[in-house]
Amino acid sequence: MAETRHTESSLCSCFFLYDRSKVREEGDLTRAGIYYYYPEHTPLDQQELVCGQLAGVSRCVSEISASPVRLLRLRRSKYAIRMRDDFLWALSCVNDLPDVSMCDFLDQMIDLFCFYNGSVRRSYQLHTQEELAVCWARYLSHLQGGATELHHIFTCFSTIDYTHIDPLLLMKAALILQACQRCPLVLAGCILHRGRMVSTQMSPELTMKVMVHETETYSLQEQKKLASGRSSFLATPNTDHVSAGKGADGGQEQVDDVSAGYRNHSSSEDENLQALRDDEEKEEEGAGQATDIREERVRVCEERDVVLEPMLLYEHRVRGLVLILLVEPGFETHPNAKQEVYHSSLASLNGLEAHLRTIPPASEIPAAPYTFAHYDRIQNTLTTNMCGRSTGPQDRPFVKATALLHSHFSHMDMLQEAIIRNAGCALYATRTAAQETFFVQQGAPTRNSGIPNGQDSAFSLPSKARHRLLKHGINLL
């Protein structure tokens, strides 16, 4: 079978969206079903070869097993597969990435597209493949960039380094959100600093999707103050799923466990970014004024008893700090809502931004004699003392061991603790239903007998991890 090669600088080596409904007859060209393919410079003949073979194998395996195929392993690569209606998505990453992480990566890609564009079928009826290819490339770039290898392993979003921040600042951020939530028509919100999450009232899935737009905005408007609006749509179905859009044929794409689905308003994403570029050429006074918020309504899916209600995102920026609020549609026309949010949060946001600005970069913080990673499975956040620095040779064993044990934890529910080691170091890992923690003491073990026994220093790692991680607010007792 044809296989693709990846570049060392890219986490993803291959990604494509294929529509099987376009290739029904023997004479139909495979290229007619290829909606998007990454890397985009791949020759069309190779695209057809990979898409055609993977689509055929996926359908064959699914029919034999009577269940959708989720993962395909080839000789030198592996693919996460998602099949929905006539669409097939395939994603191949570097081999070091655990299977569960690669599958989560693909799910996030699909959810992001549906979140901002709605139904896949409907989107390709309304827009050209070239227009939507820009969206796929943007989401792929966002998920691959701005995070460490550990973030890719756990597929979690980026947060500020909680290990070197005063807890009072986090409390202040939470109080700002609570004050805003008491304002009329405000549902929930989150605060981001330099593209990283500080505090949020939204679900982890919703927060991650909001950060896609904010990451782009921050890169263009890093030292500016801006308040803007963006339309969104909150679905209220009778099921536990939330619809992110509806196709013309009555079919819909669903995003599991997401509290809201967003779509672009009447101006396109490129127009929004261009407006930000134009805004950089003008001087702004104060914290900025809110721009017009335009909204777009979608059709109601009566067949499945799902009603799509338009919602809005309100953004207020103070330099590198941004407050994002999910508000009801009447927020823009309410006589006092916007002013109440503005005046209740302006002074607090200025103070919070001033404090966060003084926190030194992680590269300037002295390295600790140990390395740890603490993954919160509920909040989908990662706390580690590796933030802000690239993975060096001394960190490679820790990253590889963490990926291995995270994969085992995902497949073995009965596994709660583990210690693995090589000749140079030993790693301790523990997990509960809510968290996973990984800890390694720098330097070679003082006693290494080759065969594990009670005198081996590796068995002292659990007590060391409990003691050292307490100062980071992590209680393993």
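pLDDT is the predictor's confidence in each residue, from 0 to 100. You need that for this tour, since what you have open is a predicted model: local features need pLDDT of at least 70, side-chain atom pairs count only at pLDDT 80 or more, and totals for chains, interfaces and linings use all residues. Residues are numbered from 1 along each chain as its sequence is written, and side-chain values use heavy atoms, with hydrogens and water left out.

**Stop 1: colour by confidence**

Across the protein chain the mean pLDDT is 76, and 72% of the residues reach 70 or more. Select residues 279-306: pLDDT stays under 50 here, although the model has 71 contacts for this stretch beyond four places in sequence (a contact is heavy atoms within 4.5 Å). Residues 1-8 also stay under 50, with 22 such contacts. Where pLDDT is low, the predicted coordinates should not be read in detail. Among the elements of the chain, strand 10 (residues 252-256) has the lowest mean pLDDT, 30, and strand 2 (residues 34-38) the highest, 96.

**Stop 2: the whole chain**

Switch to cartoon and you have 11 helices and 17 strands. These are DSSP runs numbered from the N terminus: helices are H or I of at least four residues, strands are E of at least two. Of the 477 residues, 53% are buried; that means under 20% relative accessible area, with exposed over 50% and partly exposed in between (1.4 Å probe, protein chains only).

**Stop 3: Gln47**

Select Gln47 in helix 1 (residues 44-65). Is Gln47 buried or exposed? Gln47 is buried, because its relative accessible area is 10%. Show its surroundings and you'll find Ile34, Tyr37, Glu40 and Thr42 touching Gln47, leaving aside residues up to four places away in sequence.

**Stop 4: helix 2**

Next, pick residues 99-117, which are helix 2: its 19 residues reach 27 Å from first C-alpha to last, close to the 27 Å expected at 1.5 Å a residue. (The expected span is 1.5 Å times one less than the number of residues.) Helix 2 is mostly covered, with 17 of its 19 residues buried. Right after helix 2 comes Gly118, whose phi is positive, near 85°.

**Stop 5: a five-stranded sheet**

Now for an open sheet of 5 strands, in the order 14-13-17-16-15, with antiparallel pairing. The edges are strand 14 (381-384) and strand 15 (417-421), each pairing on one side only. Two strands count as paired if DSSP finds at least two bridges between them. Neighbouring strands in this sheet are turned by 15° against each other on average, direction ignored.

Zoom in on strand 17 (435-441). Why is strand 17 described as largely enclosed by the rest of the structure? Because 6 of its 7 residues are buried. On one pairing, 7 bridges join strand 17 to strand 13, and one to click on is Asp376 with Gln435. Strand 16 is joined to strand 17 by 5 bridges, including Thr430 with Thr437, and a hairpin connects these two strands through 3 residues. Move on to strand 15, which has 5 bridges to strand 16 (residues 426-431); there, Ile420 stands opposite Leu427.

**Stop 6: the helices on the sheet**

Finally, add helix 10 (residues 396-411), which lies across strands 13, 15, 16 and 17, at about 150° to strand 17. Helix 11 (residues 461-469) packs on the sheet too, touching strands 13, 15, 16 and 17, and its direction makes about 105° with that of strand 17. Axes are lines fitted to C-alpha atoms, for helices over the stretch in contact, and angles run from 0 to 180 degrees between N-to-C directions.
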